[in-house]
Amino acid sequence: MNAAAIPAMPAFLLRQLGLQAGTRALLEGIDAQLPLGRFTAIVGPNGAGKSSLLKLLAGLQAPSQGQVLLHGLPLAAMPLAERARQLGWLGQFAAADLPLSLHDYVLLGLRPTLGSFGQASAPDLARVASALQQFDLLGAQQRRWGQLSGGERQRAGLARLLVQDAPLWLLDEPTNHLDLKHQALLFRRLRAEVAQGRTIVAVLHDLPQAARWADHVLLLGEGRLLAQGAPADCLSAAELSRAYQWPVRLWPDAAGHWQLAVGEVA
Ligand SMILES: Nc1ncnc2c1ncn2[C@@H]1O[C@H](COP(=O)(O)OP(=O)(O)OP(=O)(O)O)[C@@H](O)[C@H]1O
């Protein structure tokens, strides 16, 4: 499926979304649309609420106010098994060990379709092998989780998403621990997935990467949505500097490559 052929209807619709921790508002009054079959980047400074928002989209946390609609229906009312089929989640990895090889960790991506006692078929195993290959992990597949580097764990999480094959992916800082080559391979893979109809939402810190690869951006600052839309429309110097409380400018150069200038403040 060609991404350009997909109508830009929302996958997620957020209505007056808020999240409270005690008396503190972590998110407040978020009204947003995240288009179906597109790549949305959530950007903003530390503590802006990006990961909190992603957790609300995944249903890992319930909002204190407002509503998350997925395909027009309240996420809160969706049965857990259906949520697991619809949503692929890549969070931040804890340092803890797991009693699993990398291969078996990726194989667990089949669980939403197999159930707890299902057997992986030959095509399932071929899918695992293909996902391992796509993330350059074939050589490490028999290593135990605790023996993997940060980048290998991150790529294992992405390979598991490919195996799970949920139509929507929610990724919290997916470039974490990845070297330059693996970041480039990741974004090429994400674009290929979107071209086939996958909806991707990713928290990103790198603004030029967000502007280059995402179709749609949500800019957060202090728990509020400051701007949303196409990167060229909503990542203006004024909005960015407001969000980061620091002079920031992002622009495409003559070759169309996004450049970032971070100013000094006296
Ligand atoms: N369970 C919680 N209880 C209280 N405060 C929380 C909780 N979870 C997050 N916070 C606070 O909410 C704010 C937003 O956190 P969040 O992790 O969503 O920010 P972020 O934009 O993803 O930040 P970063 O770029 O640093 O990862 C932070 O100030 C954080 O300390």
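## Exercises on a ligand shell, a helix pair and selected residues

Helix α1 (residues 50–58) gives the most to the shell around the ligand: three residues. Helices (H or I, at least four residues) and strands (E, at least two) are DSSP runs, numbered from the N terminus. The model is predicted: local features need pLDDT of at least 70, side-chain atom pairs count only at pLDDT 80 or more, and totals for chains, interfaces and linings use all residues. Residues are numbered from 1 along each chain as its sequence is written.

**Exercise 1. List the residues around the ligand, then sort the shell by class.**

Step 1. Apply the cut-off: a residue is near a molecule or strand if its C-beta atom, placed from the backbone, lies within 6 Å of it.

Step 2. Read off the shell. Ala-21, Leu-26 and Gly-44 belong to it, as do Asn-46, Gly-47, Ala-48, Gly-49, Lys-50, Ser-51 and Ser-52.

Step 3. Sort. Ala, Val, Leu, Ile, Met, Phe, Trp, Tyr, Cys and Pro count as nonpolar; Asp, Glu, Lys and Arg count as charged; the others, Gly among them, are polar. The shell around the ligand then has six polar, three nonpolar and one charged residues.

**Exercise 2. Describe the overall fold by its secondary structure, its radius of gyration and its contacts.**

Step 1. Count elements. The protein has ten helices and twelve strands.

Step 2. Test compactness. The radius of gyration is taken over C-alpha atoms, and the globule rule is 2.2 Å times the number of residues to the power 0.38. For 266 residues the rule gives 18 Å; the protein comes to 19 Å, close to that value, so it is as compact as a globular protein of that length.

Step 3. Add the box. Along the principal axes, the C-alpha atoms fill roughly 55 × 45 × 40 Å.

Step 4. Check contacts. Two residues are in contact if their C-beta atoms, placed from the backbone, lie within 7 Å. Of the contacts with a separation of 6 or more, 67% join residues 24 or more positions apart.

**Exercise 3. Work out how α5 packs on α6: angle, distance, handedness and residues.**

Step 1. Choose the descriptors. A packed helix pair is described by the angle between the axes and the distance between the axes. Axes are lines fitted to C-alpha atoms, for helices over the stretch in contact, and angles run from 0 to 180 degrees between N-to-C directions.

Step 2. Give the values. Helix α5 (residues 122–134) and helix α6 (residues 150–164) pack at about 145°, with axes 9 Å apart.

Step 3. Assign the hand. A crossing is left-handed if the near helix is turned anticlockwise from the far one by less than a right angle, and right-handed if clockwise. The crossing of α5 and α6 is right-handed.

Step 4. Name the partners. From α5 come Arg-127, Val-128, Ala-131, Leu-132 and Gln-134; from α6 come Ala-159, Leu-162 and Val-163. This contact of α5 with α6 holds six nonpolar residues, one polar and one charged.

**Exercise 4. Is Gly-223 buried or exposed, and which residues does Gly-223 touch?**

Step 1. Locate Gly-223. The residue sits in the loop between β9 (216–221) and β10 (224–229).

Step 2. Classify. A residue is buried if 20 or more other C-beta atoms lie within 10 Å of its own, exposed if 12 or fewer, and partly exposed in between, with C-beta atoms placed from the backbone. Gly-223 has 20 such neighbours, so it counts as buried. Across the protein, 37% of the 266 residues are buried.

Step 3. Find partners. Beyond four places in sequence, Gly-223 touches Ala-25, Leu-26, Leu-27, Glu-28, Ala-48 and Gly-49. Gly-49 is 174 residues away along the chain, yet the two C-alpha atoms are 5.2 Å apart. Leu-26, Ala-48 and Gly-49 are also among the residues around the ligand.

**Exercise 5. Place His-71 and Gln-245, and class each by exposure.**

Step 1. His-71 lies in the loop between β4 (65–70) and β5 (73–74). Its phi is near 50°, positive in a residue other than glycine. With 15 other C-beta atoms within 10 Å, His-71 is partly exposed.

Step 2. Gln-245 lies in the loop between α10 (237–244) and β11 (248–252). Its phi is also positive, about 50°, although Gln-245 is not a glycine. With 11 other C-beta atoms within 10 Å, Gln-245 is exposed.

**Exercise 6. Which residues do Leu-14 and Leu-56 contact beyond four places in sequence?**

Step 1. Leu-14 is in strand β1 (residues 10–21) and is buried, with 23 other C-beta atoms within 10 Å. Its contacts are Ile-30, Asp-31, Ala-32, Gly-66 and Val-68.

Step 2. Leu-56 is in helix α1 and is buried, with 26 C-beta neighbours inside 10 Å. Its contacts are Leu-17, Leu-19, Gln-61, Pro-63 and Val-68.
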